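The following account is intended to be read alongside the sequence and the coordinates. Please have both at hand before proceeding.

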Amino acid sequence: MAKKITPASPAPKLETATIHDQKLQRGAGGELHQFAEGDTPVLTTAQGGPVADDQNSLRVGARGPLVVDDFHFREKIFHFDHERIPERVVHARGYGAHGYFETYESLAKYTRADLFQRPGEKTPAFVRFSTVAGNKGSADLARDVRGFAVKIYTQEGNWDLVGNNIPVFFIQDAIKFPDLIHAAKQEPDRAFPQAQTAHDSFWDFISLTPESMNMVMWIMSDRTIPRSLRFMEGFGVHTFRFVNARDESTFVKFHWKPKLGLQSVAWNEAVKINGADPDFHRRDLWNAIQSGNFPEWELQVQLFDQAFADSFDFDVLDPTKIIPEELLKPQPIGRLVLDRMPDNFFAETEQVAFMTQNVPPGIDFSNDPLLQGRNFSYLDTQLKRLGGPNFTHLPINAPKCPMHNFQQDGHMAMRNPIGRTNYQPNSRNEGPRESPMQGYRHFASEEQGTKARLRPQSFADHYSQARQFYISQTGAEQRHIASALTFELSKVETLVIRERMVSHLMNIDETLATTVAQKLGFKSMPKAADAAMPTRQDLEPSPALSIVERGPKRFEGRKLGILITDGVDAKLLKGLTDAITKEKAVFELIAPKVGGVTASDGTLIAAHHMIDGGPSVLFDAVAILTSASATEDLVNEAAARDFVADAFQHCKFIGYDHSAVPLLEKAGIADSLDEGVLSLPGEEGLSAFVAELGKLRVWGREPSVKLGKASPPIK
Ligand code: HEM
């Protein structure tokens, strides 16, 4: 019987369709096609085969089943199905940027590290900021430690300084890290709360881990709710070593200091920002870099020798301790500038692999047991997360200096040896050789002792530096610590955990302990926790530990939100925006409709946000420029009243023109005006107004809007 020949599928009939400004082709099912024309490349499969139709899968008849020889469909869906890689087990949510490190002076006296030899030399760098506990999709303003991981691509290998925005840590030994993280992340049976430590497991673990008390003070301070990634410090945390060409060692602690000063938000503000803009920090970094306002940090180091280390009764190997800056002034040695966003988030920010053990010759480790444990952990985790041993071949992880070795094969090998010789020593004079002079030499420290699971007594003071941190804060900052502890412990359901925490606070500061106990509604105070060592009362406050003391005195780099309506005084608005721009700050306009307003001179001014989409929590200060008639409508808008009331509650500066007074009244603040609520001067006085904004917050207002009446003392 003759074989029946089926004709090739006929070319589909298409008709031209116009969708607003786009010309497309429409198929029989109404689907739209865009075809390659002119310079537009032809869509291909991953194998390079050109694709004719990317809208319809291959099927038998228009309403029939799909067929398995649709290799294009199969490949496309296969690839999509495998798009996700495991998120980081900690620090899953992060945001990165490229930049460079610039050395100020030669540090040859202390270190042979190549990047510190030549003044003015710039070395490429990549930084990833992160939160610790939340999943990849969590909100930016979680109360959490921020990761501050820096990869510097030096000429002698990558240096990863994998730090945080807090200079101490929860635990003294890496063996406790899985417990800490299990306790901090969502509870395993219910999978909540996410990106929060306000739950039983965290405080249960912490209250049974007194070594974490210094860190507790730091995490309950405003450090864990930074206003911007650009306004935080970064710390290498551990004591490291610099080693010079003569193999002499100096201990070193690394600190990143933001050029624009420190700043945090208020807790109530953080909660609202998370709803209004969960990407608040990444958007801020993106906008700053894209608009040419490159964030900058100075690298400062505390350098000391063994005799200096021995002068303390705490141990410089203990990562729960700092060396106060007043006792050892950090010296500036260079600056880090971030000037370019990644081209692709996944390729760079997600696939970047930081590892504490990545150090170039001239930088070495100390015996800090947490650091040594970390050096073990990070390589393992990259293998799991990035799927094979060749993650160093990814462009973001590959060194930018010559590199040669005999590592070969493995999944996705992209750097493959050429030639016959893949070992050494060899007699073919092929391939790289070791170099005793240029190569990495570990500092030859003398080590001896009993092999056992030990912790030195010099790690046993758990409260003195916690107290020192607390007494170094301004009044407002101390109030915030008390409120944060109260909030977190109020979410703890097991009462004994609350009590246990307050008993630790008794060893830190009695007033803090009683304030928290009062706010939690304790009827009596618990006894102070049994301490391994008594709290030292003689440590001097260290002003360097306060954010407010370290704050900027200028509004530079900050953002003013200006609420405008139809009839806004065009000259006043122009004067204000000019003054803000001159201060190197930015502004955004908020209006009843995002389409904008018609100003007093008839110009149409587009807005950045409608009122509901631009609450005042997104700004460092606000101004309200309205016309009398528009204000009549505005006072009936809840979002407009919240805009003002929240700005006031969050202790922000508020500038207003006279027509806005009814809105201040309706927002309930007209009777409590203070030095932070300012009638806008004429156009001439606006620079002085903007200078005033440099104080950032009117913390003195806070007791009147927040704390309420003090409760009677607890016996
Ligand atoms: C001073 C204490 C610590 C600091 C400052 C710190 C800092 C960081 C930072 C900043 C990241 C995120 C890196 C990135 O952006 O990709 C990170 C990730 C991580 N850390 Fe730590 N960490 C500390 C302690 C530890 C300890 C003790 C361990 C384990 C023993 C550990 C294990 C990890 C792991 C497994 C990751 C995920 C890495 C990845 O998947 O890429 N960390 N850490």
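Which helices and strands each supply at least two residues of the shell around the ligand? In this predicted model, the elements that do so are strand β6 (146–154), strand β7 (157–164) and helix α9 (369–386). Of these, α9 gives the most, with seven residues.

The shell as a whole consists of 24 residues, and the closest to the ligand are Arg88, Arg128, Arg374, Tyr378 and Arg385. Sorted by class, the surrounding residues comprise 12 nonpolar, eight polar and four charged. Several individual atom pairs can be located within this environment. The side chain of Arg128 places an N or O atom 2.6 Å from an oxygen atom of the ligand. In the case of Tyr378, an N or O atom of the side chain is 2.7 Å from a nitrogen atom of the ligand. Gln382 has a polar side-chain atom that lies 2.9 Å from a ligand oxygen atom.

Attention may now turn to the backbone. Most residues other than glycine have a negative phi, and most peptide bonds are trans. Against that background, three sites deserve inspection. The peptide bond that joins Phe192 and Pro193 is cis, with omega at about -5°. Pro193 is placed in the loop between α2 (177–184) and α3 (200–207). A cis peptide bond also runs from Gln424 to Pro425, where omega is near 10°. Pro425 belongs to the loop between α9 and α10 (464–471). The loop between α9 and α10 also holds Met412, a residue other than glycine whose phi is positive, near 55°.

The helices on either side of the Pro193 loop, α2 and α3, also pack against each other. Two packed helices are described by the angle between their axes and the distance between the axes. For α2 and α3, the angle is about 145° and the axes are 7 Å apart. On the α2 side the contact involves Asp179, Leu180, Ala183 and Ala184, which meet Ser201, Phe202, Phe205 and Ile206 of α3. By class, this contact has six nonpolar residues, one polar and one charged.

Further along the chain, helix α13 (residues 510–520) packs with helix α11 (residues 475–490) and with helix α12 (residues 495–508). How are α12 and α13 oriented relative to each other? Their packing angle is about 155°, with the axes 6 Å apart; because angles over 145 degrees count as roughly antiparallel, α12 and α13 are therefore roughly antiparallel to each other. From α12, the residues in contact are Arg498, Val502, Leu505, Met506 and Ile508, while α13 contributes Glu510, Leu512, Ala513, Val516, Ala517 and Leu520. The contact of α12 with α13 has nine nonpolar, no polar and two charged residues.

The pair formed by α11 and α13 packs at about 45°, with the axes 9 Å apart. These two helices are therefore oblique to each other, and their crossing is right-handed. Ile481, Ala482, Ser483, Leu485, Thr486, Leu489 and Ser490 of α11 meet Leu512, Thr515, Val516, Lys519 and Leu520 of α13. Here the classes are seven nonpolar, four polar and one charged. Leu512, Val516 and Leu520 of α13 thus appear both in the contact with α11 and in the contact with α12.

Technical notes: Residues are numbered from 1 along each chain as its sequence is written. This is a predicted model: local features need pLDDT of at least 70, side-chain atom pairs count only at pLDDT 80 or more; totals for chains, interfaces and linings use all residues. Side-chain values use heavy atoms; hydrogens and water are left out. Axes are lines fitted to C-alpha atoms, for helices over the stretch in contact, and angles run from 0 to 180 degrees between N-to-C directions. Helices (H or I, at least four residues) and strands (E, at least two) are DSSP runs, numbered from the N terminus. Angles under 35 degrees count as roughly parallel, over 145 as roughly antiparallel, 65 to 115 as roughly perpendicular and the rest as oblique. A crossing is left-handed if the near helix is turned anticlockwise from the far one by less than a right angle, and right-handed if clockwise. Contact means heavy atoms within 4.5 Å. Ala, Val, Leu, Ile, Met, Phe, Trp, Tyr, Cys and Pro count as nonpolar, Asp, Glu, Lys and Arg as charged, and the others, Gly among them, as polar. A residue is near a molecule or strand if one of its heavy atoms lies within 4 Å of it. A polar contact is a pair of N or O atoms within 3.5 Å; within protein, one must be able to donate a hydrogen and the other to accept it, and residues adjacent in sequence count only if both atoms are side-chain atoms.
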